[in-house]
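Hi everyone, thanks for making time for this. I'd like to walk you through one model this morning, so please have the viewer open.

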Amino acid sequence: MTGIHKTPQWQTLQTHARQMAKVHLRQLFAQDTERFERFHRRLPGLLVDFSKHWITDHTVALLLQLARAAGVEARRDAMFRGERINTTERRAVLHVALRRPKDHPLVVDGRDVVADVHGVLERVLAFAEAVRSGAWRGATGEAITDVVNIGIGGSDLGPRMAVQALGAYAAPHLRFHFVSNIDPTHMARTLAVVRPQTTLFLVASKTFTTQETLANAHAARAWFLQQATEADIPRHFVAMSTNTEAVRAFGIDPANMFEFWDWVGGRYSVWSAIGLSLAIAIGADKFREFLAGGHAMDEHFATAPLQDNIPVLLGLLGIWYRDFFGLGSYAVLPYDQYLEQFPSYLQQLDMESNGKGVTHAGLPVAYPTGPVLWGQVGTNGQHAFYQLLHQGPDIVPCDFLAPREPLHPLGDQHHMLLANFLAQTEALLRGRTLDEARASLHHLPEEERERLAPHKVFPGNRPSTSIIYDRLTPWTLGALIALYEHKVFVQGVIWDINSFDQMGVELGKELAGALLPELVSGESLGEHDASTLGLLRYLRGDD
């Protein structure tokens, strides 16, 4: 394949970007009173407004041509067919199968993976209901009160985010805790607030060898055994894994091991057995609604024409800013307290997927790929970093998300929240000119007005997407997660990178494995750079 940056479609977009750089969003709205109507898209319960972007109809047409030149549709279809599009690991990419209905079979290598998925799903949901109802009890006969998920990366970020996001639907008699950091403080603080007799530990590790997860799991096991016996472990520890022997050796009954597959990447795994904590929190019916929301977005992505395909359009806008305007930062700003962890979840989804510098052919990329993704829940962010968004020299495209209806009506606070949501996107669009700043200070003496006015100028012309959903339900959350998964997929196809491996995570792990015995047992120091050697000696107390 010719490098995408050498195609006529890319070259045309470069020329068009230089033209669009001269146009302010104010002008685009002044010239087109129907702009919102043409540049927003709707699905049931969801509205996505793309009108506050540096785009015209011509821009969208050129971006769609780029998507077709890159083979987005063909690659998308290959993923849904179960082809091995994870080229470095020679695996299919089938997180979409995790939310596929039981009567929609998908045969890969002669096996119906959907049947396998539902076989595990039924076991997961049955176990979740047993815990919720109190039928599953600890070794002393007491019902479970606390669930501790032990994982890292996607085995932590996904379920942690989803359990918090759907807290309005969670069983009120259960408390949920998530331990991921190998820093002992994380586990110690959790164990300080739970009782061994009523705590259930969920150990999430596909291979049951993940260093951080196993260290935390063994710490929890040792704590538990201070007041229990080995025979009690099966009532208080279960596993999401595929390594039966290691799970059994830990003391977990393999009957309570919930497997998943190598075609499920960690950051795409909340739909699988990794979502066991979420299933316990919200119950079987709500978990199925969560899966249905993801599947509905899958169907939209798989069938909608590119010009009406919301994940495609969202992905193309990211390409537009990253590659044609050099914008390396991107903010996700949910105006919904339940989505407080959503930006952190999307950081891994986006940056681990598309933070790549090598094409499928193993060649260095010749253009920018994944941006830095960050964000915080509104309105908190307004009093933290929005100053930079509005007046800083760097332009940061933003996604704003908000519910049309609150889950907890309280006075006028939801209207206040929405007013802020709308005001921020309008302010980023319009800005404030020097004359407007002077006019806003009309009550001051002229000298003071002239002194302050430049400080009240906002350049505006800052692009943003507005995403409004009716209310945050399990279905809505599923649809939103799938929307961003497919947006990441589209960008990876255009950049010709593998969005489904994470080789960049491995080197640090390898080096840590070599350094650990040098720190712990005082082994002779190996070959390291002068800085690392100096730090090692200091940490060991050699100096």
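Let me start with a definition: the expected span of a helix is 1.5 Å times one less than its number of residues. Keep that in mind for helix H18, residues 474-495, in what is, I should say right away, a predicted model. H18 has 22 residues, and from its first C-alpha to its last it reaches 32 Å, close to the 32 Å expected at 1.5 Å a residue. Is it enclosed or not by the rest of the structure? Largely enclosed, because 21 of the 22 residues of H18 are buried. Buried here means under 20% relative accessible area.

Now look at what comes just after H18: Asp496 takes a positive phi of about 60°. That residue sits in the loop between H18 and H19, and it is a residue other than glycine. For background, most residues other than glycine have a negative phi, and most peptide bonds are trans. Asp109 is another one to click on, with a positive phi near 55°. You'll find Asp109 in the loop between strand S3 (107-108) and strand S4 (111-112), and at 63% relative accessibility it counts as exposed. While we are on backbone geometry, please check the peptide bond joining Gly378 and Thr379: it is cis, with omega about 10°. Thr379 belongs to the loop between strand S10 (372-374) and helix H14 (386-391).

On to the strands. Strand S12 covers residues 464-469, and five of those six residues are buried. Which strands pair with it? Strand S2, residues 46-49, runs antiparallel to S12 and is joined to it by four bridges; there, Leu46 stands opposite Tyr469. Strand S11, residues 398-403, pairs with S12 in the parallel sense over six bridges, and Phe400 stands opposite Ser466. So if you colour by strand, S12 has an antiparallel partner in S2 and a parallel partner in S11.

There is a second parallel pair to show you. Strand S5 (residues 146-150) and strand S6 (residues 175-179) are connected by five bridges, with Arg175 in S6 as the bridge partner of Asp146. To get from S5 to S6 the chain passes through helix H7, residues 154-165, and this β-α-β crossover is right-handed. S6 is mostly covered too, with four of its five residues buried.

Next, charges. How many salt bridges does a search of the whole structure find? The answer is 31. I picked out a few. Glu230 and Arg221 form one, their closest N and O atoms being 2.6 Å apart. In that pair, Arg221 is buried, at 15% relative accessible area, while Glu230 is partly exposed, at 46%.

Another salt bridge brings together the side chains of Arg267 and Glu352, at 2.9 Å from N to O. This one links distant parts of the chain, 85 residues apart: Arg267 is in the loop between helix H10 (244-250) and helix H11 (276-303), and Glu352 is in helix H13, residues 342-354. Arg267 has a relative accessible area of 2%, so it is buried. Glu352, at 22%, counts as partly exposed.

Asp542 and Arg540 also meet in a salt bridge, at 3.0 Å. Both partners are partly exposed: Asp542 at 40% and Arg540 at 25%. Elsewhere, salt bridges that share partners join Arg26, Arg430 and Glu436 into one network.

Last stop, the surface. Which residues make the nonpolar patch of about 670 Å²? They are Leu516, Leu519, Val520, Leu535, Tyr538 and Leu539. Helix H19 (506-520) and helix H20 (530-540) each supply at least two residues of that patch. Leu519, for example, is found in H19, and because its relative accessibility is 39%, it counts as partly exposed.

One more side chain before I stop: Val193, in the loop between helix H8 (184-191) and strand S7 (199-204). Val193 is partly exposed, at 43% relative accessible area. If you want a distance to try in the viewer, the C-alpha atoms of Val193 and Gln382 are separated by 33 Å, and these two residues are 189 residues apart along the chain.

That's my tour, and I'm happy to go back to any of these spots.

Terms used: Residues numbered from 1 in each chain as written. Predicted model: local features only at pLDDT ≥ 70, side-chain atom pairs only at ≥ 80, totals over all residues. Heavy atoms only, no water. Patch = residues over 30% accessible without salt bridge, like charges linked within 9 Å, V, L, I, M, F, W, Y side chains within 5 Å. Areas by Shrake-Rupley, 256 points an atom, 1.4 Å probe, with all protein chains shown as cover. Salt bridge = Lys/Arg side-chain N within 4 Å of Asp/Glu carboxyl O. Buried < 20%, exposed > 50% of the residue type's maximum accessible area, 1.4 Å probe, protein only. Pairing = 2+ DSSP bridges. Right-handed = clockwise from strand over helix to strand, strands pointing away.
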